[in-house]
2 protein chains.
Amino acid sequence: MRIGQLAEATGTTTKTLRFYEESGLLPPAERMASGYRDYTDDAVGRVGFIHRGQAAGLTLAQIGQILRIREHGQTPCSHVRDLLGERLRELDAQIAELLALRETISQLHAQAAEPEPDTCSADEVCRYI
Amino acid sequence: MRIGQLAEATGTTTKTLRFYEESGLLPPAERMASGYRDYTDDAVGRVGFIHRGQAAGLTLAQIGQILRIREHGQTPCSHVRDLLGERLRELDAQIAELLALRETISQLHAQAAEPEPDTCSADEVCRYI
DNA sequence: ATGAACCTTCCAGTACAGTGGAAGGTCAAG
DNA sequence: CTTGACCTTCCACTGTACTGGAAGGTTCAT
């Protein structure tokens with residue numbers, strides 16, 4: 001299977017697949033006589049795993065960690081659990097931050113709903129901010 | 001006022017102030033005979049405005065827009081209102097996305113809480129993802 | 001034999017908001 | 001007179017996940 005076919009099978013691009021290989025997420029593919037990369041079918045599963053990991057909010061670096069643990073013959077289960085827990089905590093913090101920011105902006109926006117440009121003094125940029 | 005003093009007065013760094021000038025957020029400062037930047041007091045207010053804009057979730061590019069409107073002698077009020085409204089919509093979308101992701105990860109994490117590594121088949125990387 | 005479609009490598013750039021460091025000039029105190 | 005703190009410019013780099021393009025090789029159909 002050439003790189004273009006793998007790209008199509010996994011819904012990505014050849015550029016991205018080469019990038020994954022360079023980043024250590026995909027093992028260097030076998031080469032045909034021509035020098036073209038020659039993928040086996042399980043590459044599809046591997047790329048699928050990368051995509052599922054991304055959908056779970058993991059970074060490529062974290063996905064790479066999991067993949068490398070697996071390559072060392074170990075089961076990455078507990079590491080995956082830890083990563084997911086960590087990601088959950090990060091997400092909660094991020095959501096709380098965004099909700100607070102939303103509050104702030106919402107108030108500023110409400111104030112700006114009654115525009116009185118005349119009250120803008122010359123020495124400040126904008127009284128709404 | 002030299003750049004280090006302005007940095008201290010505004011709680012930022014000289015690097016950042018030069019970066020703001022280069023980005024068009026601060027007008028090029030006057031220079032002393034030595035070539036040192038010489039800021040007037042209103043630079044403090046300007047940097048403060050930039051920081052308040054950031055706290056309101058605006059990008060430096062958007063803050064620059066507001067500043068440039070003001071420099072053209074116009075009141076940026078209505079533009080600011082539009083920017084805040086836009087930011088509010090973006091934030092709502094972003095929060096919704098993160099909440100959905102949180103749901104996904106939370107479920108994966110709950111599944112991973114009962115680790116049964118033996119059920120990990122050899123041909124998949126991790127059954128939790 | 002030639003053109004299209006595919007592949008290769010390598011270099012560079014995207015967005016964002018800075019940060020790090022080198023090489024050198026300036027100023028006040030001791 | 002020298003030391004140290006401050007300033008200048010310029011270039012490169014950070015992190016994330018790619019993306020674009022150039023220059024050239026391969027494969028297959030016409």
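Contact here means heavy atoms within 4.5 Å. Buried means under 20% relative accessible area, exposed over 50% and partly exposed in between, with a 1.4 Å probe and protein chains only. Helices (H or I, at least four residues) and strands (E, at least two) are DSSP runs, numbered from the N terminus.

The model is predicted: local features need pLDDT of at least 70, side-chain atom pairs count only at pLDDT 80 or more, and totals for chains, interfaces and linings use all residues. Residues are numbered from 1 along each chain as its sequence is written, chains are lettered from A and ligands numbered from 1 in the order in which they are written, and side-chain values use heavy atoms, with hydrogens and water left out.

**Exercise 1. Find what covers the buried residues of α3(B), and check the length of the helix.**

Step 1. Helix α3 of chain B runs over residues 42-55, which is 14 residues. The expected span is 1.5 Å times one less than the number of residues. From first to last C-alpha the helix reaches 20 Å, close to the 20 Å expected.

Step 2. List the buried positions: B:Ala43, B:Arg46, B:Val47, B:Gly48, B:Phe49, B:Ile50 and B:Gly53.

Step 3. Look for their cover, which includes α1 (3-10), α2 and α4 (60-71) of chain B.

Step 4. Just after the helix, B:Gly57 takes a positive phi of about 80°.

**Exercise 2. Repeat the analysis for α3 of chain A.**

Step 1. The 14 residues 42-55 should span 20 Å at 1.5 Å a residue, and the end C-alpha atoms are 20 Å apart, which agrees.

Step 2. The buried residues of α3(A) are A:Ala43, A:Arg46, A:Val47, A:Gly48, A:Phe49, A:Ile50 and A:Gly53. They pack against α1 (3-10), α2 (14-22) and α4 (60-71) of chain A.

Step 3. A:Gly57 follows the helix with a positive phi near 85°.

**Exercise 3. Determine which rotation superposes chain A on chain B.**

Step 1. Two copies of a chain are related by a rotation about an axis and a shift along it. Superposition is by least squares on the C-alpha atoms of residues with pLDDT of at least 70 in both copies.

Step 2. The rotation is 180°, with 0.1 Å of shift along its axis and an RMSD of 0.2 Å. That is the relation of a two-fold axis. In chain A, the C-alpha nearest the axis belongs to A:Ile95, 3.2 Å from it.

Step 3. 100% of the interface residues of chain A are also interface residues in chain B, so the copies meet through the same surface.

**Exercise 4. Describe the protein surface near DNA strand C.**

Step 1. A residue is near a strand if one of its heavy atoms lies within 4 Å of it. Strand C is surrounded by 20 residues, and the closest are A:Gly4, A:Arg18, B:Lys15, B:Tyr36 and B:Gln54. Sugar and phosphate make up 66% of the atoms of strand C that come within 4 Å of the protein.

Step 2. Look at the phosphate oxygens. Polar side-chain atoms of A:Arg37 and B:Gln54 each lie 2.8 Å from one. For A:Arg31, a side-chain N or O atom is 3.1 Å from a phosphate oxygen.

Step 3. The largest share of this surface, 4 residues, comes from α2(B).

Notes: A polar contact is a pair of N or O atoms within 3.5 Å; within protein, one must be able to donate a hydrogen and the other to accept it, and residues adjacent in sequence count only if both atoms are side-chain atoms.
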